[in-house]
Amino acid sequence: MRGFTLLETIIAIVIIEVGIIALTSLGVSTLKQGRYIINETIAANLAQEGLELVRNIRDTNTIAENNPWDKGINNINRGIISYDNPVLSNISSTSTDPIACGDSCLIYKNTDGFYTHSGGTKTKFYRMIKVDHQSNKDTITCQVGWIDYGKQHLITTITKLYDWQ
């Protein structure tokens, strides 16, 4: 009569368990990476939106008569802006980190699914816009930060706005 010995059975179980643990850990890692990619995409789009909203202020000033090109931008060092209130507003935080800025930089998601700095459900994202003023140009830096699995992440976008009139 031929059969498996106890030692052969234990070795086979260990090999199967190692395979199951490896597959489980691969699955968990894939889920974490997928979540990170989703959050990174949202943050990159929020950062780009911040730059475009500030650019819109400059373009609106260019169209309007008797407005300096940087009206509404020239008196801001650190600020926030949302599509539903396209005014660059000063924030009192002295931090250069949007997460350390706290609730004044926190982004909410409203009932229509749009991201804003006021009203709606809190998200994990924080956005801060910094303006570096120079003679005929302003350098606009938009940073969006979030914390995922205990680690802080940051997306930074930069553009230069010129007095091109």
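## Exercises on a predicted model

**Exercise 1. Which residues does Thr139 touch, not counting those up to four places away in sequence?**

Solution. Start with the contact list: leaving out residues up to four places away in sequence, Thr139 touches Lys130, Val131, Asp132, Gln134, Ile158, Thr159 and Lys160. Keep in mind as you look around that this is a predicted model. Next, place the residue: Thr139 is found in strand S6. Then check its surface: Thr139 has a relative accessible area of 11%, and the cut-off for buried is under 20%, so Thr139 is buried. Last, pick out the polar partner: the side chains of Thr139 and Lys160 are joined by a polar contact of 3.5 Å.

**Exercise 2. Work out which residues and elements build the largest nonpolar core.**

Solution. Begin with the count: this core has 23 residues. The ones with the most contacts inside it are Val54, Leu88, Ile129 and Ile140. Now go to the elements: helix H1 (6-63), strand S5 (121-133), strand S6 (137-148) and strand S7 (151-162) are those that give two or more residues to the core. H1 supplies the largest share, 7 residues.

Zoom in on Val54. Setting aside neighbours within four places in sequence, Val54 is in contact with Ile73, Ile81, Leu88, Ile129, Ile140 and Leu161. There's also a second, separate core of 9 residues, and Ile80, Ile91, Tyr108 and Met128 are among them. As background, nonpolar side chains in soluble globular proteins tend to be buried together.

**Exercise 3. Is Arg58 buried or exposed, and which residues does Arg58 touch?**

Solution. First, locate it: Arg58 belongs to helix H1. Second, read the accessibility: the value for Arg58 is 8%, which counts as buried. Third, list the neighbours: not counting residues up to four places away in sequence, Arg58 touches Trp69, Ile73, Leu161, Tyr162 and Trp164. Finally, take one of these partners, Leu161. The C-alpha atoms of Arg58 and Leu161 are separated by 7.7 Å, though the two residues are 103 apart along the chain.

Try the same steps on Ser89. Ser89 sits in strand S2 and, at 28% relative accessibility, is partly exposed. Leaving aside neighbours within four places in sequence, Ser89 is in contact with Ile76, Arg78, Gly79 and Ile80. From the C-alpha of Ser89 to that of Gly72, 17 residues away along the chain, is 8.6 Å.

**Exercise 4. Find the cysteines joined by a disulfide, and explain why Cys142 is too far for a bond.**

Solution. Recall the chemistry: a disulfide is a covalent bond between the sulfur atoms of two cysteines. The cut-off is 2.5 Å between the sulfur atoms. Cys101 and Cys105 are joined, with an S to S distance of 2.1 Å, and the count comes to 1 disulfide. For the hand, look at the torsion about the S-S bond of Cys101 and Cys105: it's about 75°, so the disulfide is right-handed.

Now Cys142. The closest cysteine sulfur to that of Cys142 is in Cys105, and the distance of 10.0 Å is too far for a bond. As for accessibility, Cys101 is buried at 10%, Cys105 is buried at 0%, and Cys142 is buried at 0%.

**Exercise 5. How many aromatic pairs does the whole structure hold, and what are the ring distance and plane angle for Tyr83 and Phe114?**

Solution. A search of the whole structure gives 3 aromatic pairs. For Tyr83 and Phe114, the ring centres are 5.1 Å apart and the planes are at 45°, so this pair is tilted. Tyr83 is in the loop between strand S1 (78-82) and strand S2 (85-90), and Phe114 is in the loop between strand S3 (106-109) and strand S4 (115-116), so the pair ties together parts that are 31 residues apart in sequence. Both rings' residues can be graded by accessibility: Tyr83 is partly exposed at 32%, and Phe114 is partly exposed at 45%. Elsewhere, ring pairs link Tyr36, Phe125 and Trp146 into a cluster.

**Exercise 6. Which charged residues lie over the ring of Tyr149?**

Solution. Go to the loop between S6 and S7, where Tyr149 is found. The charged end of Lys32 sits over the Tyr149 ring, 5.0 Å from its centre. Arg35 lies over the face of Tyr149 too, at 5.1 Å from the ring centre. Then check the backbone: most residues other than glycine have a negative phi. Tyr149, in contrast, has a positive phi, near 55°.

How values were computed: Residues are numbered from 1 along each chain as its sequence is written. This is a predicted model: local features need pLDDT of at least 70, side-chain atom pairs count only at pLDDT 80 or more; totals for chains, interfaces and linings use all residues. Side-chain values use heavy atoms; hydrogens and water are left out. Rings of Phe, Tyr and Trp (its six-membered ring) pair if their centres lie within 6.5 Å; planes under 30 degrees apart count as stacked, over 60 as edge-to-face and the rest as tilted. Helices (H or I, at least four residues) and strands (E, at least two) are DSSP runs, numbered from the N terminus. Buried means under 20% relative accessible area, exposed over 50%, partly exposed in between (1.4 Å probe, protein chains only). A charge sits over a ring if NZ of Lys or CZ of Arg is within 6 Å of the ring centre and within 35 degrees of the ring normal. A nonpolar core is a set of buried Ala, Val, Leu, Ile, Met, Phe, Trp, Tyr and Cys residues joined through side-chain atoms within 4.5 Å. Contact means heavy atoms within 4.5 Å. A polar contact is a pair of N or O atoms within 3.5 Å; within protein, one must be able to donate a hydrogen and the other to accept it, and residues adjacent in sequence count only if both atoms are side-chain atoms.
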